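Reader: I am new to this structure and should be grateful for a close look at one part of it. Please choose a place where two helices pack together, and describe its surroundings.

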Amino acid sequence: MTTKIIHFMVNGRLEHAEFRADCSAADVKDLFRAAAEAGPNHILKMYNRDGSVVNISPRLRSNSKETYYRLEVVASNLHSVAMNPQLNNMEERLHLLESKVMEEVGKTPDIMCELQSHMESFKRKLESVEHLSWIGLFKDDGEQQLSKCSPKPQKPQLSVQEERQQVRRKFINMSSLQVTEEVREHLKTPIFDNWQWEEAEMLVLLQVMYVDLDFLTAFHIELQVLQNFLFEVYCHYNNIPFHNFQHCFCVTQMMYGLIWLTDLRSKLGRIDLFVMLTSALCHDLDHPGYNNVYQINAQTDLALRYNDISPLENHHCAVAFGILFKPECNILKNLTADQYKHIRAGMIKCILATDMARHNEILNKFKSIQSVFDFTNKEHKEVLMKIIVKVSDISNEARPMAVAEPWLDCLLQEFFNQSDTEKLKGLPVTPFMDRDKVSKPSSQTSFIRFVLLPLFSELTRLFPCLEQHLVEPVRRALEYYTDLEKAAKP
């Protein structure tokens, strides 16, 4: 089996890691945690020489000392054991960790028992290894690698409920971490790469957004209630190819970025910013993976309940306020009656605006007020809020191709699933979802040319700074898919 050698800079030291390519992702992350002296709930990120995030996994590419990666703890508890400057001796740290495990083992048995197992393995390595680099755990004489990355018996698959509770535990454990300023700034940009973050980490970053926009103070939101709300939102996104929690995070992160890029904090009230961010977060709650056309043609319960009028978007709104109705999740409970009314009405308008059947209606309305746009005009502000939510919802192609293209694959998978079901049930087949007629390039060229560019360009008229962040990347994406489409033709 191939051994990978990874050179990296951490805490001002140039280190190297050696591990087999068949290591589990968890084992590789554990090794890098040891190098960074990080705790089990800290968030690590690896950067290449260009400053881009690379995934810490067994697929990490080997490199040289000259092309070293940079390893950083991007979110940490400043009072944790691993960051304690008095614990300079490895044996002291190990002893303290062992004491902490024994102290906590009764509280969360599954996690603590696993941690204790890792600790015992680490102790055995300390006893048998003559030379201990921060990661390699190899002897100087090149003897066979120790058992850190040896194959393990496969763990039983967790149920959906167990997986969610595991995410919740990680989220709560991480929620007090200090996210670095570099990550906070990166979070404000359209080039943020969601694929490098786990679900619990995304929940931490969503919490950062609400805190950094000062929503907790302004609306008297208790941190624990916000955490409960975010977790419930996570639980109400389904495990489907595209309209899942990762999509929810991306849309919310783009909304957050646009708020900062356009300096909306100085143009709109905080309550309207809250409406937009929370609408983005909730805009696809409990999406079943089949669009409104399918709902109506198949006469589903949702279509019957909402009389064929934006059945999915109405459902997303209803689920959102169902979550907010729970006392432990109600981030609106300390608002005045007028504030609650304003937020509820605004969220309903913004989420219903994401129905693409209303796209031209909303875009034409925005065009008609462009020349006289007034941030103090209530109607103008409402149209703008809808537009920004819409832009955030379909903004993947404004991201780097390495981020955007996997999302297109996910979308096509969901589309093809729908058209296959339509064929099986004898329903009209949605043309742009038919796997027998649609190719990856052709699906994008028309969408970019006739939907994305007109929408993004119109918003850029009001905020010229978005030209480089939205319009230029989308034009490059159009060129990319146009070239692919031409190359595929005989």
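Author: The following account turns to the packing of helix 8 with helix 10 and to the core around it. This is a predicted model, in which local features need pLDDT of at least 70, side-chain atom pairs count only at pLDDT 80 or more, and totals for chains, interfaces and linings use all residues. Residues are numbered from 1 along each chain as its sequence is written, and side-chain values use heavy atoms, with hydrogens and water left out.

The protein has 19 helices and six strands, taken as DSSP runs (helices H or I, at least four residues; strands E, at least two) and numbered from the N terminus. Helix 8 spans residues 223-235 and helix 10 residues 270-282; their axes lie 10 Å apart at an angle of about 35 degrees. These axes are lines fitted to C-alpha atoms over the stretch in contact, and angles run from 0 to 180 degrees between N-to-C directions. From helix 8, Phe 229, Leu 230 and Val 233 meet Thr 278, Leu 281 and Cys 282 of helix 10, where contact means heavy atoms within 4.5 Å.

Phe 229 also belongs to the largest nonpolar core, of 114 residues, in which Tyr 210, Phe 229 and Leu 459 touch the most other members. Such a core joins buried Ala, Val, Leu, Ile, Met, Phe, Trp, Tyr and Cys residues through side-chain atoms within 4.5 Å; buried means under 20% relative accessible area with a 1.4 Å probe, protein chains only. Tyr 210 touches residues including Phe 229, Leu 230, Thr 278 and Leu 281.

Conventions:
Buried < 20%, exposed > 50% of the residue type's maximum accessible area, 1.4 Å probe, protein only. Lists of a residue's contacts leave out its neighbours within four places in sequence.
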